[in-house]
Amino acid sequence: MQLQSKGKPYDDINITPMLDLAYVLLIIFIVMTTATVQGQKVNLPKASAAPSLATPTTKAITVSNDGKIFLDTIPVTLPELEQRLVQQKALTPEFPVVLRGDAQTQYQSVMDVLDLLGRIGLSQVGLATKPLVK
């Protein structure tokens, strides 16, 4: 180890104490943030076990491979489907619709349902597919 003369500036800066302090502060912040996420202990109220009276708002339309149309699980014709969707739209103006078509379904059957949804004015339409398996 060499001694520096009084008039000479330091050539090296020792950053080890600064890094030690930074690591200690990092650990303290990690411990404190995980401790505060859990929240205060309170006596939570009990919920009733009765089923909810709210009906699901999403409607599922299924077109089978032989061209039959189902609204949720009820078989319907195209005019019946239009009537039921218009009634639902009167109750809830914007509700999502999921269209499920069998892979062997004729394309025209699915297009008929999509055309009907467009005429009614439903814009929240999703097409259900299987996830791609890699």
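1. Leaving aside residues up to four places away in sequence, S109 touches V63 and G67. This is a contact in a predicted model. S109 itself sits in helix α3, which covers residues 107–120. Its relative accessibility is 19%, and because the cut-off for buried is under 20%, S109 counts as buried.

2. One of the two residues touched by S109, V63, also appears in the lining of the largest pocket. The full lining consists of T62, V63, R100, G101, D102, A103, A128, T129 and K130. Two elements, β1 (59–63) and β4 (97–101), each give two or more residues to this lining.

3. The space in the largest pocket comes to about 240 Å³. Sorted by class, its lining has three nonpolar, three polar and three charged residues. Among the residues of the lining are R100, D102 and K130.

4. The strands form an open sheet of five, in the order β3-β2-β1-β4-β5, and the pairing is mixed. At the edges stand β3 (74–76) and β5 (125–127); each has a single partner strand, so one side of each is left without a neighbour in the sheet. From one strand to the next, the twist averages 25°.

5. How do β4 and β5 run, and how many bridges join them? The two strands run parallel, and three bridges join them. Within this part of the sheet, V98 stands opposite G126 in β5. As general background, strands of a sheet pair through backbone hydrogen bonds, in either a parallel or an antiparallel way.

6. Helix α2, residues 78–91, lies across β1, β2 (69–71) and β3. Relative to β3, helix α2 runs at about 115°. Of the strands that α2 lies across, β3 is one that stands at an edge of the sheet.

7. Which residue other than glycine has a positive phi, near 60°? The residue is D72. For context, most residues other than glycine have a negative phi. D72 is placed in the loop between β2 and β3.

8. Is D72 buried, partly exposed or exposed? Its relative accessibility is 35%. Because partly exposed covers the range between the 20% and 50% cut-offs, D72 counts as partly exposed. S109, at 19% relative accessibility, counts as buried.

Key
Residues are numbered from 1 along each chain as its sequence is written. This is a predicted model: local features need pLDDT of at least 70, side-chain atom pairs count only at pLDDT 80 or more; totals for chains, interfaces and linings use all residues. Side-chain values use heavy atoms; hydrogens and water are left out. Helices (H or I, at least four residues) and strands (E, at least two) are DSSP runs, numbered from the N terminus. Buried means under 20% relative accessible area, exposed over 50%, partly exposed in between (1.4 Å probe, protein chains only). Contact means heavy atoms within 4.5 Å. On a 1 Å grid over the protein atoms alone, a cavity is a set of points where a 1.4 Å probe fits but cannot get out, and a pocket is an open set with protein on both sides within 12 Å along at least five of seven lines; lining residues have an atom within 4 Å of a point. Grid points are joined across faces, edges and corners, and a volume is the space filled by probe spheres set on the points. Ala, Val, Leu, Ile, Met, Phe, Trp, Tyr, Cys and Pro count as nonpolar, Asp, Glu, Lys and Arg as charged, and the others, Gly among them, as polar. Two strands pair if DSSP finds at least two bridges between them. Axes are lines fitted to C-alpha atoms, for helices over the stretch in contact, and angles run from 0 to 180 degrees between N-to-C directions.
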